[in-house]
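Okay, thanks for squeezing me in. Let me put the sequence and the model up, and then we'll walk through it piece by piece.

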Amino acid sequence: MKYIIRSMALLVALSVLASCTITQQLNIGQQQNNKAFFDFSVEDFFIAVLEDFSDFSASDTDQDLMDKAIDEFRLSLARSSSTGAVSLTKSGKNAWSGSFSFTDLQRLFVDLGAGPKQSLLTLGENSMTFNLSMDNYAQLVPLIPFLADPNFEAFGPLYNQGLSEDDYLEMISFMLGDEGVPAIEASTITLKIETPRPIKRFTAGSQTGERSYEFSFRLIDFLLLDKPIAFSVNW
């Protein structure tokens, strides 16, 4: 069984406040021979924003800010009971690539802090379902620790419930300057899935081939989360 998924929830935070490029490929085998490969890069603007946030300061180490964050992400993956062979290397100025093996994707979400009753991701024998809403947003926060940072929370859904898209972008322009709005508007999250058998049905997204499915949403949809970000595909 093989899935190709780009930009899963574990990496969604790296898109926040900047147009970033993230690619993640998950190969899910029938006998737990599962592999994940990913590459991502972050714009200089995002780095500058983070460096302005004192709580993200790396003053206790000589590591660059993003290098420290990526290393902490690597350690989190390595600590999971369902992962192995975790590798993460810097491939450019603000670019990284990595890979790891895993035995159970749902268990990985639990090990990273989503909780034993996590409802973000459900994998069945012939199906996959993802659902993120304000009801289970708290499950995502432990997966991406800086979502809980007070400096970030002002930009996220907890602080912006009920805010219109236009009002949100006006706030971003005021807080981050002229570069903030186009950076957010240019950012999207795309998930691509290849199923082991022909697709029978799906919700949201689009079928791009007999066994291929794609789901995309804008970054601002995540930042406001005024409606669930959800899809399912059955084969």
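So, helix α3, residues 105-114: the buried residues there are L105, L108, F109, V110, L112 and A114. Buried, for me, is under 20% relative accessible area, exposed is over 50%, and partly exposed is in between, with a 1.4 Å probe and protein chains only. Helices (H or I, at least four residues) and strands (E, at least two) are DSSP runs, numbered from the N terminus. Before I go on: this is a predicted model, so local features need pLDDT of at least 70 and side-chain atom pairs count only at pLDDT 80 or more, while totals for chains, interfaces and linings use all residues. Residues are numbered from 1 along each chain as its sequence is written, and side-chain values use heavy atoms, with hydrogens and water left out.

Back to α3. Right after the helix comes G115, and its phi is positive, near 100°. The helix also carries a salt bridge, R107 with D111, where the closest N and O atoms are 2.9 Å apart. My cut-off for a salt bridge is a side-chain nitrogen of Lys or Arg within 4 Å of a carboxyl oxygen of Asp or Glu. R107 and D111 are four residues apart, about one turn of the helix. Recall the geometry: an α-helix has 3.6 residues a turn, so residues three or four places apart point the same way. R107 counts as partly exposed because its relative accessibility is 40%, and D111 is partly exposed too, at 26%.

How many salt bridges does a search of the whole structure find? Four. Another one is in helix α2, residues 65-79, where R74 pairs with D71 and the closest N and O atoms are 2.8 Å apart. Those two sit three residues apart, again about one turn of the helix. R74 is partly exposed at 26% relative accessibility, and D71 is partly exposed at 26% as well.

Then there's E165 with R218, closest N and O atoms 3.0 Å apart. E165 is in helix α6 (residues 165-176) and R218 is in strand β10, so this pair ties together parts that are 53 residues apart in sequence. E165 is partly exposed at 30%, and R218 is partly exposed at 37%. D221 joins in as well: E165, R218 and D221 are linked in a network of salt bridges.

On to the strands. Two strands pair, in my book, if DSSP finds at least two bridges between them. β5 (residues 121-124) and β6 are antiparallel over four bridges, and they make a hairpin with two residues between them. Within that pairing, L123 has M128 in β6 as its bridge partner. On top of that, β6 pairs antiparallel with β11 (residues 229-234) over six bridges, and there T129 has S232 as its bridge partner.

What comes after β6? S133 is in the loop between β6 (127-132) and α4 (137-140). S133 counts as buried because its relative accessible area is 9%. Leaving aside neighbours within four places in sequence, S133 is in contact (heavy atoms within 4.5 Å) with L225 and P228.

There's also an open sheet of three strands, in the order β7-β10-β9, with antiparallel pairing. β7 (188-194) and β9 (206-209) stand at the edges with a single partner strand each, so one side of each has no neighbour in the sheet. β7 and β10 (residues 212-218) are joined by seven bridges, and T190 stands opposite S216 in β10.

Last topic, the aromatics: the structure holds six aromatic pairs. Rings of Phe, Tyr and Trp (its six-membered ring) pair if their centres lie within 6.5 Å; planes under 30 degrees apart count as stacked, over 60 as edge-to-face and the rest as tilted. Y213 and F231 have ring centres 5.6 Å apart and planes at 35°, so that pair is tilted. The pair links distant parts of the chain, with Y213 in β10 and F231 in β11, 18 residues apart. Y213 is buried at 1% relative accessible area, and F231 is buried at 2%. F215 and F217 have ring centres 5.8 Å apart and planes at 45°, so that one is tilted as well, and both residues are buried. To finish, F130, F202, Y213, F215, F217 and F231 form one aromatic cluster.
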